[in-house]
Amino acid sequence: MSETAAVEPLARTSIVDTLTDALRSRILAGELEPGAALREEELSRSYDVSRHTLRASLRTLASEGLVRLVPNRGATVATLDRDGLVPLFELRTALELEACRLALARHGGRLPPDVHDALEALVRACRPPSAGWAEVAAAHAAFHESIVRGAESARIEEAYGRLAAELNLFLVQLRPVWPMRRMIEHHRALVEELEATGDVEALRRHLDDGLAAVSAG
């Protein structure tokens, strides 16, 4: 009896997954703005899916923090007000600053290559023909995650990962107040200052700038 070689199982993408990806992209691109109502009848008709499928997709997005579900009132694109942003950034800042300090200490006063690669990916995402906010948001998140990974601390990385949904929501609200050119300059300047001085307070100022821009906007 011949043995059958083990093979990788084929990935199967469900209609729910496909719909979730489409709606997530529209939210992160700002096409569906924070606070916008997500009407079941309209979305079901637009995507030619059942309401059951749509509701499953909305529940997934709600678990990611991108959608807010209110019983008997439906779904809206989630928003973060200042009362939500400030404590989020207090925790984010504590985690990223310590991660950055460790990353510099463990790589001879420089940030690891992954951070530089992530910076270049962010620059590319901010320039045509890319320059779509969903791509910029993903590249921005990857840049900051690369700093956290550079600490080589599984516990810090795990704690930071739990903020991902709310940070995605922050990026949605950053879009109207943060031009692409500023995104590039802000992150290049951060890397240069961190490596030139080793002072992680540069990262605190960097994060404070983003918080202030969204709060003012």
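## Close-up views of a predicted model

**Figure 1. The largest nonpolar core of this predicted model has 51 residues.** The residues with the most contacts inside this core are Cys-100, Leu-111, Phe-143, Phe-170, Leu-174 and Met-183. Seven stretches of the chain give two or more residues each: helix 4 (82-106), helix 5 (113-125), helix 6 (133-150), helix 7 (154-161), helix 8 (164-174), helix 9 (180-197) and helix 10 (201-216). Helix 4 gives the most, with 10 residues. As a general backdrop, nonpolar side chains tend to be buried together in soluble globular proteins.

**Figure 2. Here we zoom in on Leu-111 and the residues it touches.** Leaving aside residues up to four places away in sequence, Leu-111 touches Cys-100, Ala-103 and Leu-104, along with His-116, Val-191, Leu-194 and Glu-195. Cys-100, like Leu-111, is among the residues with the most contacts inside the largest core. Elsewhere, a second, separate core of 17 residues includes Leu-19, Leu-38, Leu-58 and Val-67.

**Figure 3. Strand 3 (residues 74-77) pairs with strand 1 and with strand 2.** Strand 1 (residues 37-38) meets strand 3 in the antiparallel sense over two bridges, and Leu-38 has Ala-75 as its bridge partner there. Strand 2 (residues 67-70) also runs antiparallel to strand 3, joined to it by four bridges; on this side, Val-67 has Val-77 as its bridge partner. In the hairpin of strand 2 and strand 3, three residues lie between the strands, and Asn-72 takes a positive phi near 70°.

**Figure 4. Which side chains of strand 3 are buried, and which are not?** Ala-75 and Val-77 point to one face and are buried. Gly-74 and Thr-76 point to the other face and are not buried. This alternation between the two faces of the sheet is what a regular strand shows in general.

**Figure 5. Ala-36 sits in the loop between helix 1 (15-28) and strand 1.** Its relative accessible area is 24%, so Ala-36 counts as partly exposed; the cut-off for buried is under 20%. Not counting residues up to four places away in sequence, Ala-36 touches Ala-75, Thr-76 and Val-77. To get your bearings in the wider model, look for Leu-190: Ala-36 and Leu-190 are 34 Å apart, C-alpha to C-alpha, and 154 residues apart in sequence.

**Figure 6. Phe-89 and Phe-170 form an edge-to-face aromatic pair.** The ring centres are 4.8 Å apart, with 65° between the planes. The pair links distant parts of the chain, since Phe-89 belongs to helix 4 and Phe-170 to helix 8, 81 residues apart. Both residues are buried. The count of aromatic pairs comes to one.

**Figure 7. The charged end of Arg-182 sits over the ring of Trp-178.** In this view, look for the distance from that charged end to the ring centre, which is 3.7 Å.

**Figure 8. Why is Cys-100 not bonded to Cys-126?** The closest cysteine sulfur to that of Cys-100 is in Cys-126, but it is 20 Å away and therefore too far for a bond. A disulfide would need the two sulfur atoms within 2.5 Å. Cys-126 is likewise in no disulfide, and the structure holds zero disulfides. Both cysteines are buried: Cys-100 has 0% relative accessibility, and Cys-126 has 5%.

Terms used
Residues are numbered from 1 along each chain as its sequence is written. This is a predicted model: local features need pLDDT of at least 70, side-chain atom pairs count only at pLDDT 80 or more; totals for chains, interfaces and linings use all residues. Side-chain values use heavy atoms; hydrogens and water are left out. A nonpolar core is a set of buried Ala, Val, Leu, Ile, Met, Phe, Trp, Tyr and Cys residues joined through side-chain atoms within 4.5 Å. Buried means under 20% relative accessible area, exposed over 50%, partly exposed in between (1.4 Å probe, protein chains only). Contact means heavy atoms within 4.5 Å. Two strands pair if DSSP finds at least two bridges between them. Rings of Phe, Tyr and Trp (its six-membered ring) pair if their centres lie within 6.5 Å; planes under 30 degrees apart count as stacked, over 60 as edge-to-face and the rest as tilted. A charge sits over a ring if NZ of Lys or CZ of Arg is within 6 Å of the ring centre and within 35 degrees of the ring normal.
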